[in-house]
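User: Please take a close look at a single part of this predicted model. I would like one connected account, from its pairing to its surroundings.

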Amino acid sequence: MSTLSRADVANLARLARIEMTDQELEDLSTEMDVILTAVARVQEVATSDVKPTSHPLPLRNVVRADVVTPSLTPEAALSGAPANEEQRFRVPQILGEEA
Amino acid sequence: MSLTYEDVIAKYEPVLGLEVHVELNTHSKMFCGCATVFGAEPNTQTCPVCLGMPGALPVVNEKAIESSILIGLALHCSVTPFSRFSRKNYFYPDMPKNFQISQYDEPICVNGYVDVEIETDEGPKQFRVEIERVHMEEDTGKSLHVGGATGRIHGADYSLLDFNRAGIPLVEIVTKIVPGTGKYAPEVAKAYVAELRDILRSLGVSDVRMEQGSLRCDANVSLRLIGAETLGTRSETKNVNSLRSVERAVRGEMIRHAELLNKGARVVQETRHFQEDTGLTRSGRSKEQAEDYRYFPEPDLVPVEPDAEWIEKLRASLPEQPTLRRKRLQEEWSVPDKEMAAMINADALDIVEATVKLGADPTRARGWWLGEISRLANEKDVAIADLAISPADVAEIVSLVSKGELTDQLARQVVEGAISGEGKPAQVMESRGLKVVSDESSLMAAIENAIAAQPETAEKVRNGHIPAAGALIGAVMKETKGQADAARVRELLLAHLGQ
Amino acid sequence: MIRLSAHEMASALEAGETTSEKLTQEHLDRISSVDADVHAFLYVDTEGALAQARGVDAARKNGEKVGPLAGVPLALKDVMVQKGVPTTAGSKILEGWRPPYDATVVKKLKDAGIVILGKTNMDEFAMGSSTENSAYGPTHNPWDLSRIPGGSGGGSSASLAAFEAPLAIGTDTGGSIRQPAAVTGTVGVKPTYGGVSRYGLIAFSSSLDQAGPCARTVLDAALLHEVIAGHDTHDATSIDAPVPQVVKAARDGNVKGMKIGVVKELNGDGYQAGVRSRFEESLELLAKAGAEIVEVSCPNFEYALAAYYLIAPSECSSNLARFDAMRYGIRVGDENGASAESVMNLTREVGFGREVKRRIILGTYALSSGYYDAYYGSAQKVRTLIMNDFTKAFETADVLVSPTCPTTAFKIGEKANDPLAMYLNDIATIPVNMAGIGGMSVPCGLAPEDGLPVGFQIMAPAMQDQRMYSVGAALEASLLTEWGAPLLSRIPALGGAK
């Protein structure tokens with residue numbers, strides 16, 4: 001089975017937006033090896049003739065009518081915000097693509 | 001040494017790909033009951049679901065599914081028997097859950113086309129733009145970047161987020177690659193977006209206002225040497241927000257690519273941003289590593305399996321195709337080509353048609369909407385459809401004029417009053433006292449007064465100098481505050497003076 | 001009073017023998033005296049509970065019609081959002097957050113006049129089998145304070161066993177209601193997936209999570225089940241069908257002619273001897289009560305654990321992305337012009353515990369391009385195979401049974417550094433979640449070797465939850481006859497016990 005290097009774990013941590021110490025990366029890469037070896041057992045029976053199930057329910061087409069229901073007040077919406085300003089959520093500078 | 005467009009097309013063949021995002025005009029959001037009013041106060045249209053609060057769950061808006069199917073049908077797509085929502089995972093502060101609910105490998109509609117017609121050197125020519133897929137997703141919130149020199153994201157000190165837009169239903173329409181347009185690539189791109197806009201408007205599923213962002217276009221452009229088989233590297237220009245910009249962006253990218261290729265440099269596969277002021281594109285922040293969206297089926301939602309009955313019901317409600325409708329109306333109303341183009345340009349087709357349906361003569365209806373009403377709309381800088389005058393009002397005014405109860409001059413005042421919010425035509429006429437004076441005795445009194453005031457002019461008329469009557473008629477009209485029928489006044493006056 | 005069943009408390013309230021306010025106060029007093037040792041609660045809502053109790057008393061006094069459990073107190077797992085009440089899901093990242101809305105389950109509890117005492121401790125975001133992964137310290141098993149109370153809902157089960165509450169709400173993703181019930185000698189039910197709304201349940205793994213009732217008796221669990229179950233338009237995965245008649249089944253406790261299938265693969269190697277012997281004795285009692293015991297085989301169950309540890313982490317890696325310091329929760333590192341990205345990274349580093357990070361990384365990997373088919377995709381196929389096994393087994397048996405967990409409660413700290421050993425606790429409970437069917441754990445005695453409670457698991461087909469209650473009630477009644485008193489009467493006295 002594929003093993004995860006420290007760099008692999010660092011890349012996963014980047015995708016998952018978690019800052020990790022070197023020690024954490026080291027520990028996780030060891031633990032991941034053990035866990036991945038265990039969970040890779042699924043491949044023994046997951047043959048091509050078996051259909052995947054992503055959900056246990058056979059439900060289809062569950063929808064709601066296009067009707068407006070009350071929103072939160074802006075005060076309630078912002079009540080848990082670490083910072084707010086001008087009735088908006090205040091967040092640190094965004095580095096990235098201009099949306 | 002910048003290349004001319006002619007240099008580019010002499011050597012390269014452009015290949016287009018267009019992705020259009022359409023905000024649906026549902027009353028409520030894609031996955032919650034929050035309202036979708038444009039321009040509302042910040043964060044007044046939010047709830048636990050569209051704020052991505054812990055524990056909140058999405059439920060699909062039925063109207064959004066129906067609108068998506070309608071779009072697919074209008075674009076000659078097949079509706080897939082089984083479609084699903086997936087999660088597209090990436091972090092961005094304006095996306096509350098840090099995943100977007102979207103459709104990935106199981107979209108609602110696939111494989112359609114749009115035919116567009118453009119003017120070429122050899123006359124009008126049709127191009128077929130093939131549609132790969134139509135899928136549903138949700139919009140993000142809006143960021144306001146504070147501080148920094150430019151007010152742009154780069155250099156801002158911090159940002160303020162408003163989630164009113166988060167969760168508004170979006171439909172993404174993706175074309176297959178469009179080869180074979182040659183030098184007309186920019187025109188084809190523009191014509192495609194324009195045609196799509198007309199189709200969407202005819203369906204009534206979106207406001208399709210590019211300037212408000214309810215229709216956004218991403219243009220993919222690549223070049224290959226003429227005759228080459230393999231595709232060149234493409235760039236993706238984001239959020240081009242006017243029809244003119246679509247054309248400019250495609251042209252600009254073609255030139256930029258050609259300059260790179262001629263130098264022997266590589267075109268970088270990247271996202272670029274169109275700059276309205278310069279008509280050029282600017283590179284987005286280059287990503288050090290490729291994104292991995294880790295799509296997987298959205299476990300909080302169940303699949304969409306539209307049955308034949310549902311699809312056929314929607315198909316039956318499809319309106320006439322815009323191109324066919326335009327041809328039909330032009331014939332029915334006998335409108336010359338040039339005027340027809342003006343009417344389409346002014347977005348007046350729907351409103352004129354509605355007015356005609358209420359009994360108005362097509363030429364007169366068109367005259368009002370494209371004349372006086374358009375002039376007042378321009379003054380106020382709003383669309384004619386947003387003025388406080390309805391097709392029913394205009395139809396009524398046209399009818400009053402033809403019955404002689406209003407003169408054209410009075411009618412203009414009625415229109416002006418209605419637009420100023422003074423009410424329906426009847427109310428405006430009542431409150432402003434606008435009515436043709438048909439009582440001949442009072443007209444005669446006014447004529448006598450005019451003659452008494454200008455005896456010399458009257459004498460000239462008696463002596464056969466008919467043009468002098470104008471001054472007397474003017475005086476009568478003034479006394480009756482314009483409410484007399486000028487033609488009738490003239491008749492009476494001339495008769496009275498023995499002419 | 002606090003040692004009565006919820007049903008008995010409700011009868012006393014109805015008869016006017018006590019008031020909800022007094023009953024609630026008694027439980028609050030009990031919490032004050034023992035919870036320093038047990039640590040079942042993360043937050044006790046003294047004022048809110050008393051106000052709610054007085055409201056029910058007033059309604060009753062005015063002759064208004066109140067529900068069958070009106071005025072009875074309940075402990076709420078901290079994974080359920082309750083408007084205005086601190087809700088953390090056992091995580092530091094949500095410290096101090098007061099939700100602006102009620103979960104559907106909470107709304108139903110309030111409408112039924114059930115008094116919410118407070119929020120119970122749990123493994124962070126319900127990831128764990130021992131409640132040791134709570135950011136706020138472990139909960140202790142009232143049977144032996146040095147042992148775990150199960151997890152993730154250890155706070156809820158411990159509060160029942162410690163007589164701090166007669167009813168509790170749990171959530172079960174891989175066994176988080178049933179395993180804590182088993183190791184504390186209480187009853188826990190995971191209803192059919194979609195039977196109880198998930199709206200307001202802080203998601204761990206959306207396709208597996210299910211809220212359910214926890215109680216000291218089968219009838220109490222049934223009464224609570226009927227309060228919280230039913231279709232909810234806010235949850236697209238909620239089943240739009242009548243709630244199974246679980247109270248009737250619990251009252252009747254009739255297993256005559258019922259076929260009970262013993263799952264061969266869930267009873268053998270790796271199961272503690274005392275667990276097996278109590279399980280076998282229970283089967284005999286059920287046979288005596290008129291049930292037919294048969295053996296069934298579910299060969300793919302051995303892959304359930306592996307599939308679970310791909311599906312749950314995958315879904316959680318996405319579900320937990322929303323905890324990003326932008327809109328709620330703690331924010332770390334917002335200084336010196338730090339970027340939003342860096343603040344997210346630092347907040348998630350500090351705000352999430354080790355197990356949560358482990359699963360997020362595992363899930364991120366399982367979904368990533370190039371590995372999806374091998375991991376997440378394969379796990380989904382195993383899910384199909386497990387469902388097929390159940391379908392086949394239910395052709396020969398009305399319900400399936402097994403021990404709820406392989407062992408009795410282990411010591412706090414014993415498995416903290418061995419994730420795989422910890423994961424094995426859920427080996428018998430996970431198949432139920434994978435298939436979305438119902439599962440129940442009923443106490444079936446104490447293991448002779450350590451004197452700790454053993455759980456008996458009953459599994460029923462989707463939306464046939466009443467069958468579990470029939471079997472659970474029959475077993476409970478037979479054991480009560482054997483023992484002469486409920487199992488919990490044998491629990492050692494806590495510091496503050498009367």
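Analyst: Strand 1 of chain B pairs with strand 11 (residues 215–225) of chain B. The sense is antiparallel, and eleven bridges hold the register. One position in that register: B:Glu13 stands opposite B:Arg224 of strand 11. Strand 1 of chain B also pairs with strand 10 (residues 169–175) of chain B. These two run antiparallel as well, over five bridges. Here B:Glu19 stands opposite B:Val174.

Next, burial. Strand 1 of chain B covers residues 12–23, and twelve of the twelve are buried, so the rest of the structure largely encloses the strand. Buried here means under 20% relative accessible area. In a regular strand, side chains alternate between the two faces of the sheet. Both faces of strand 1 of chain B are covered. One side carries B:Tyr12, B:Pro14, B:Leu16, B:Leu18, B:Val20 and B:Val22. The other side carries B:Glu13, B:Val15, B:Gly17, B:Glu19, B:His21 and B:Glu23. B:Glu13 and B:Glu19, named above for their partners, are thus on one side, and both are buried.

Now the contacts of B:Tyr192. Leaving aside neighbours within four places in sequence, B:Tyr192 is in contact with B:Leu18 and B:Val20, two residues of strand 1's first-listed side. The other contacts of B:Tyr192 are B:Val114, B:Val116, B:Val129, B:Ile131, B:Ile173 and B:Thr175.

B:Tyr192 also leads to the wider core. The largest nonpolar core has 254 residues. B:Ile173, B:Tyr192 and C:Leu109 have the most contacts inside it. Helix 3 (residues 185–203) of chain B gives the most to this core, with eleven residues. Another core, of 37 residues, lies apart from it. B:Met340, B:Ile351, B:Leu410 and B:Val436 are among its members. In soluble globular proteins, nonpolar side chains tend to be buried together.

Last, the side of chain B that meets chain A. Here 64 residues of chain B are in contact with 38 residues of chain A. The area buried between the two chains is about 4,400 Å², and carbon and sulfur atoms give 55% of it. The rule finds one salt bridge across this interface. A:Arg60 forms a salt bridge with B:Glu305, with the closest N and O atoms 2.4 Å apart. There are 21 residue pairs in polar contact between chain B and chain A, both residues at pLDDT 80 or more. Several elements of chain B each supply at least two residues to the side touching chain A, including helix 2 (62–74) and strand 9 (158–162). Strand 9 of chain B gives the largest share, five residues.

Notes:
Residues are numbered from 1 along each chain as its sequence is written. Chains are lettered from A and ligands numbered from 1 in the order in which they are written. This is a predicted model: local features need pLDDT of at least 70, side-chain atom pairs count only at pLDDT 80 or more; totals for chains, interfaces and linings use all residues. Side-chain values use heavy atoms; hydrogens and water are left out. Buried means under 20% relative accessible area, exposed over 50%, partly exposed in between (1.4 Å probe, protein chains only). Helices (H or I, at least four residues) and strands (E, at least two) are DSSP runs, numbered from the N terminus. Two strands pair if DSSP finds at least two bridges between them. A nonpolar core is a set of buried Ala, Val, Leu, Ile, Met, Phe, Trp, Tyr and Cys residues joined through side-chain atoms within 4.5 Å. Contact means heavy atoms within 4.5 Å. Buried area is the accessible area (1.4 Å probe) that two parts lose on being put together, summed over both. A salt bridge is a side-chain nitrogen of Lys or Arg within 4 Å of a carboxyl oxygen of Asp or Glu. A polar contact is a pair of N or O atoms within 3.5 Å; within protein, one must be able to donate a hydrogen and the other to accept it, and residues adjacent in sequence count only if both atoms are side-chain atoms.
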